[in-house]
Amino acid sequence: MNESLHTVTTLPTERRPGCPFDPPAELIEARSNGPISRYTHPGGKPGWLITGYDLVRSVLADPRFSSRKELLNVVDFDIPPAPPGEFLLMDEPQHGRYRKPLVGKFTARRMRLLTERIEQITTDCLDAMERTGPTADLVTAFAKPIPTIVICELLGVPYEDRDSFQEQIDTFMNGETSDEDLLAAYTATQEYLAELVAAKRAKPTDDVLSELTDSDLTDEELQGISLILLAAGFDTTANMLALGTFALLQNPAQMAALRADPTLVDQAVEELLRHLSVATSFMRTALEDVEVGGQTVEAGTTVLLSYNTANRDPERFTDPHVLDLRREEGGHLAFGHGIHLCLGQQLARIEMRVAFSALLSRFPTLRLAVPAEDVALRPETADIFGVKSLPVAWDV
C-alpha cells in the first residue's frame, strides 16, 4: 500500500468564507493529491474518500459496491436495513422491485406534459411574491413552494396537507435537527403516509400513488416509496432553485447572458447542477475486495463518494470552478450514475428551466437584499446543501 497516500481524517464542517458554491477546501485539496484518499468515518471506522470523477462514476456503476444501509461500516453498532420501499438504500433485486413500477411514471415525455402546470404554479408563486414585495425570502416564496406543490400533486397529497409535509421533510434534511425531533418528524410522516395510502386504496384518484395501489406492493412498501419520492422531489429541487439563484446573482455576467438569451436555459440548468452539486456525497460498501485507483478497497469497507469534487474535477472539466452557462462539457454526476440514477431527473430539470426563466423575466432588477456573506448556508452535515434563506429585493 502507498504510505504517502493522502489522508482525510474528518470531513470539513464548513466552506471557505466567500466561497459558498465551492466544495470545502479540504476536499479540493484531497482531489489535488489524487482521486482516492484514505478516510476515517465519523464513527471511527477506516474507509476511503473518492474525489475523482472517473472513479466516482466507476464505483456507482460497479455491482461489487452495495447501497444497502445495513452494510454501511461506519460505526461500531449494527445499522438496521432500510424500511420496505425506501429503495435508495437497497441493491437488486429489492431495488428493482420498487423502482421498476415508477420508471414509466417519470419518463421525459410524461414530465414534459406537466410543463404547463409547472408554469402555472411558478406564475402563482411569483404573483404572490410581487404582491408582497419589493422584498422577499426567495426560499419560502419561490424555491420551496414550487417543487412542493408539484411533487404533492404528482403523488396525490391533498392541498391542505402540503405545508406540514414541507416542514417535516425539511426537518429530515436540514442537518441541524436533534435525534429526538428527527424521530418525531419521521414517525409523524409515516403515520400520515399510512393514512394516505389507505385513502388511495379505498378511493383512487388521478395520481402516481393511486396508480401504484393497483400493484402487488404492500401498504408499508407504498409508504416507503412515497417518503423517498416526496423527500427527493422536494428538497433537492428546492435547494437547487435557491442556491442556483444565489449563484446567478453572484455571477451577474452569467445572469445577464441568460436573460439576453432565454434559449440558454437548458445549458444553464446543467451547468448549475454541475457547479453546485447540492447532493454532495453518497456511500457504498464493497462486497468483495475491489481495486479502485490503484488501491485495494477490502470487502466490508465503506467508501464515501464526493459528488461535488467529482463535478469539479480538472481532469474532466475545463476551469471546473468557473460557472460557465455556455459550457459544452456535459456528463455531470449531480443526478448520480448507474442503477440509482435519479428517477426524477427530468422533472427536476423542467422545474428548474421553468422557474429560473420566469424569475429572471419577471424581476429584471432582482438582487440580494443582504451582503452575500450574510446569507445563511445549510451546514455540511445536511443531506442536501443549500441556503436557509435568501433575502432578495427588486425595483418597483
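**A tour from strand S9 to the H11–H13 contact**

Begin by selecting Ile50, whose bridge partner in S9 is Leu305; keep in mind throughout that the model is predicted. Widening the selection to the whole of strands S3 and S9 shows that the two run parallel and are joined by 3 bridges.

Stay with strand S3, residues 46-50, and colour it by accessibility: the strand is mostly covered, with 4 of its 5 residues buried. Next add strand S2, residues 36-40, which pairs with S3 in the antiparallel sense over 5 bridges, and pick out Ser37, which has Leu49 of S3 as its bridge partner. The hairpin of S2 and S3 has 5 residues between the strands, and within this hairpin Gly44 takes a positive phi near 100°.

Return now to S9, residues 302-306, and select strand S6, to which S9 is joined by 5 bridges in an antiparallel arrangement; here Thr285 stands opposite Thr302 of S9. Strand S6, residues 281-286, also pairs in the antiparallel sense with strand S4, residues 65-66, over 2 bridges, and Phe65 can be seen opposite Ala286 of S6.

Finally, leave the strands and select helices H11 (residues 219-249) and H13 (residues 265-276), which pack at an angle of about 95° with their axes 10 Å apart. Because angles of 65 to 115 degrees count as roughly perpendicular, H11 and H13 are therefore described as roughly perpendicular to each other. To display the contact, show Met240, Leu243, Gly244, Ala247 and Leu248 of H11 together with Leu272, Leu273 and Leu276 of H13; by class, this contact of H11 with H13 comprises 7 nonpolar residues, 1 polar residue and no charged ones.

How values were computed
Residues numbered from 1 in each chain as written. Predicted model: local features only at pLDDT ≥ 70, side-chain atom pairs only at ≥ 80, totals over all residues. Heavy atoms only, no water. Axes fitted to C-alpha atoms, helices over the stretch in contact; angles between N-to-C directions. Parallel < 35°, antiparallel > 145°, perpendicular 65-115°, else oblique. Contact = heavy atoms within 4.5 Å. Nonpolar A, V, L, I, M, F, W, Y, C, P; charged D, E, K, R; others polar. Pairing = 2+ DSSP bridges. Buried < 20%, exposed > 50% of the residue type's maximum accessible area, 1.4 Å probe, protein only.
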